[in-house]
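Colleague: Please take a close look at one chain of this model for me, and then set that chain in its wider context. I would like a single connected account, with the confidence of the prediction kept in view.

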Amino acid sequence: MTKVTLNKKRVISDKVFKIGATVAGTYVLVVVVLMAFQLISESYPIWEEEGLSFITKTDWNAVEDRESFGALPYILGTLTTSAIAMAIGVPLSIGIAMFISDAPAKIGGPLGFLVELLAAVPSVIYGLWGLFVFRIYFRDWIETPLHNAFGDNIWLFSGNPYGLDIITASVILAIMIIPTVSAVSREIMKAVPQQQKEAAYMLGATKWEMFKLAIFPYSKTGLIGASILGLGRAVGETMAVTMLIGNATGIGAIPSSLFGPSQTMSSIIANEFVEASPASIHMPALIGVGLILLLIAIVINVIAHLLVTRMLKIKEGAINN
Amino acid sequence: MTALTTNPTSMEAHPFASPEPSSTIDTKYKMIAENVTVSYGGIDAVKNVTMKFKEKSVTALIGPSGCGKTTFLRCLNRMHDMTKNAKVTGKVLIDNTDLYSKEIDPIYHRRKVGMVFQKPNPFPTMSIYDNVTAGLRLNGVRDKKILDEIVEDSLKMAYLWDEVKNDLKKSAIELSGGQQQRLCIARALAIQPEVLLMDEPASALDPIATQKIEETITELKNDYTIIIVTHNMQQAIRVSDYTGFMYLGDLIEFRETKKLFTDPKNELTAKYVQGHFG
Amino acid sequence: MNSIQQRRQEYRSLFKQNVAKRLLVDKAVKIIVFTCVIVAIIPLGSILVEVFKNGITAISIEFLTETPGSIGSGEGGIGPAIQGTLIIIGLSSLIGVPIGVMSGIFLSEYGDNTLARFVRFFNDVFMEFPSIILGIFAFLIIVLVLGHFSVWAGAFALSLIMFPIVARTTEESLKMVPMTYREAGTALGLKKWVITFRIVISAAKSGMVTGIMLSVSRIGGETAPLIMTILGSSQFFSSLDTPMDALPLRIWRLSLLPYDSAQLQGWGAALVLIMIILGINLGIKYYFMNKKNGFFGQLIKQRRNVTK
């Protein structure tokens, strides 16, 4: 008899344990659903007011009775800064991953750790450094000469170089995505089977040719995934961008030159959220911007994870069966 | 088993270092391994092995698994460079220049040495055609007509041509395991090496393909110096002119194949070829 | 048709003697990729040097303990910010760690089904959500409902950043515990939750602690979600239902002020923040450098998963 009750007790307490674990596990799903619901319902007034033109309009006016909001400049600002950050950060990261995945552990380990430490630096400190150190050098050594040489002829370099602009914010973003992209890329390159590298070396390939023959084709998907993961980081990054992008609003925030100020989706939220009144449609407009940002982030990260996971599955799979 | 333990010091003179008969005067050695020792993290996997490989001959390396034959074979193409903790000492001369010399990049030598690995390792994202021509493109051969010709020759020699001639653009991983291995052989042959190293190339193949590969080896002998690692003694007898028997990292005996199998001089070799252990 | 031997000779003669050139290209690539590493490390070096160089001049006992002085005066300190950061880290951990650990247990111990794969995937994606969105969410369901800014809202927002990291590292650590440990427990007739807490978790402890510390270092520097939840304050902590200060918020506010003295105080606050965060990171690294077991490699991998 006692044995039976003991078993029963065990079943019950273990069931409770299992339920508890399952609830904690599903917490993330609940949060995601609730978050989407909250953002949709709380931004509803702006969709009601502006409809889909909220996405295509460029106005941004919070003055009472003349309220008019359009998110286009900030969507473009986010896309532009992220694209430039990718263009700078991804090649650098792939280079770093190549060096570290191939270097002897004694050199690669510490260097890899240093690069990863970049991820530990808080965003706001990037902002502070960008604002008071990097911006000054960048403006005097790069922006001004470029502007003086090409400013009149090439629109990219027009605009008065002040340092609080698209290119400064983008370069800082590039630095911030390097640890993510390089660490994932390195793992993916390391996942390429040794036999593939040997096949290339057997043919008389140099190290660089080995990368071209064996590593890049094999890890292409994963490297794209790693880059998209970096894109996700860049799109969501807030503080450093807010401190460096110049914080223009409305039509003035539409990216026009590398040296012009702009605004991203996350930076306009950071700048204006606390001052917006929940009673006006200013706050729904900001939440609407947040909703668009969330959707973009979800799409980017889902794609990135599918690519990276697929790559690591191929690694375990049977190409060399 | 203790009786089988070898005493390396007793063989320092390498009595079998060059295959008999050594009287043939005009024999040229294509490749010479001198006092090669390979250690992994301080443990010797190959101990002070010296071997000379005659031009246009087939040499088989046999021995129980873990005897160091594959490790030794990989030394002949500097494949240990990528292995962490591996340390190679000694010399490997190809046409009398040292593969391990610091002055000359191993790439100069690897061009002359083709290698086929135990597991097929085609480049999975490339087509059959691109796999075969990968090494040629590295060497600056771009002429489409020449490439086509070499692809055909190489695939024919690897006995794969008839099966794939109509879809050379097909991805290499769509082939069966045996076909992949033959593709790897074709890829190695395409760079027109002078030495061919094969690490149990038939272990992934069915008997018919194995037979065909053995025929290829016999044909290639007219032109190539071939060194093949195998644990199949019958295969060694069928294809090789010389056989080296390795045990626990030592080269125990290295002679003409026929003599080694019919009249082994070493007790260990005798026990191994008679199938007493393996 | 020529014999195959003749053709081979012909083919060989077509090969270009291009090795020297290719080796040169190879060397150039080596230099380029090494330059990439240097280019990435320069900003890190510059950030650390500037923060230490500028920050150290601002640091004093008063600076670390007093409330901020009047704007632009350069007086006062960042006492409330340091206090606030410690409080918010503590509260977020209080919410985030248990959820994360239990979620990790779910993924590791009951993780072989569709729901778990779904959870794992969403967990990974959620980890990459822009943190400012989490701030908006906390604002909507706590600040807006309560009608005032509150420490709870901030702690909740940061716990949302924390728990997926803890869940993933916990899962990885638990999975590394050999199955035989669990089987031994079952053979002794122990209940599953006892096995999990007493045997499995104690074996996986160091990996889990690493994950928790990393998530702490991550939230310690978070700014965006705090803007709309705890708002910032120049007073010491009074209650959980009022605004509170935190180091990242203080740094941001100071950087916006047009005074050199404010900028200097910003560097000082940055120094304190970076000491806390780098301290945690280097501590973890050092701790595992000195552990000579097989765990090391795996734990570094977890680190990477987190940095992902």
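**Chain A and its setting**

Modeller: The domain assignment divides chain A into domain 1, covering 2–42, and domain 2, covering 52–316. This is a predicted model, and in it the centres of domain 1 of chain A and domain 2 of chain A, taken over C-alpha atoms, are separated by 37 Å. The C-alpha trace of chain A as a whole spans about 75 × 70 × 35 Å along its principal axes.

In secondary structure, chain A has twelve helices and two strands, and their order along the sequence is α-α-α-β-β-α-α-α-α-α-α-α-α-α. Taking the contacts in chain A between residues at least 6 apart in sequence, 76% of them join residues at least 24 apart. Of the 321 residues in chain A, 55% are buried.

Burial leads on to the nonpolar core. In soluble globular proteins, nonpolar side chains tend to be buried together. Here the largest nonpolar core holds 269 residues, and the members that touch the most other members are Ile96(A), Ile125(A), Ile172(A), Ile178(A), Ala186(B), Ile136(C) and Ala270(C). The element that gives the most to this core is helix α7 of chain A, residues 166–190, with 16 residues. Ile136(C) also shows how chain A meets chain C: leaving aside residues up to four places away in sequence, Ile136(C) touches Leu39(A), Ile269(A), Ile287(A) and Gly290(A), together with Met228(C).

For the wider context, the contact between chain B and chain C draws twelve residues from each of these chains. On the chain B side of that contact, α2 (106–110) and α4 (144–157) each supply at least two residues, and α4(B) provides the largest share, namely three residues. By class, this side of chain B comprises five nonpolar, four polar and three charged residues.

As to confidence, the predictor assigns the complex an ipTM of 0.91 and a pTM of 0.88. Chain C has an average pLDDT of 89, with 93% of the residues scoring at least 70. Among the elements of chain C, the mean pLDDT is highest, at 96, for helix α10 (residues 224–227) and lowest, at 49, for helix α13 (residues 295–307). Over residues 292–297 of chain C the pLDDT is below 50, and this stretch has four contacts in the model beyond near neighbours in sequence. Where pLDDT is low, the predicted coordinates should not be read in detail.

Methods. Residues numbered from 1 in each chain as written. Chains lettered and ligands numbered in written order. Predicted model: local features only at pLDDT ≥ 70, side-chain atom pairs only at ≥ 80, totals over all residues. Contact = placed C-beta atoms within 7 Å. Helix = DSSP H or I, 4+ residues; strand = E, 2+ residues; numbered from the N terminus. Nonpolar A, V, L, I, M, F, W, Y, C, P; charged D, E, K, R; others polar. Domains from an automatic or database assignment. pLDDT = per-residue confidence, 0-100. Core = buried A, V, L, I, M, F, W, Y, C linked by C-beta atoms within 7 Å. Buried ≥ 20, exposed ≤ 12 C-beta atoms within 10 Å, placed from the backbone.
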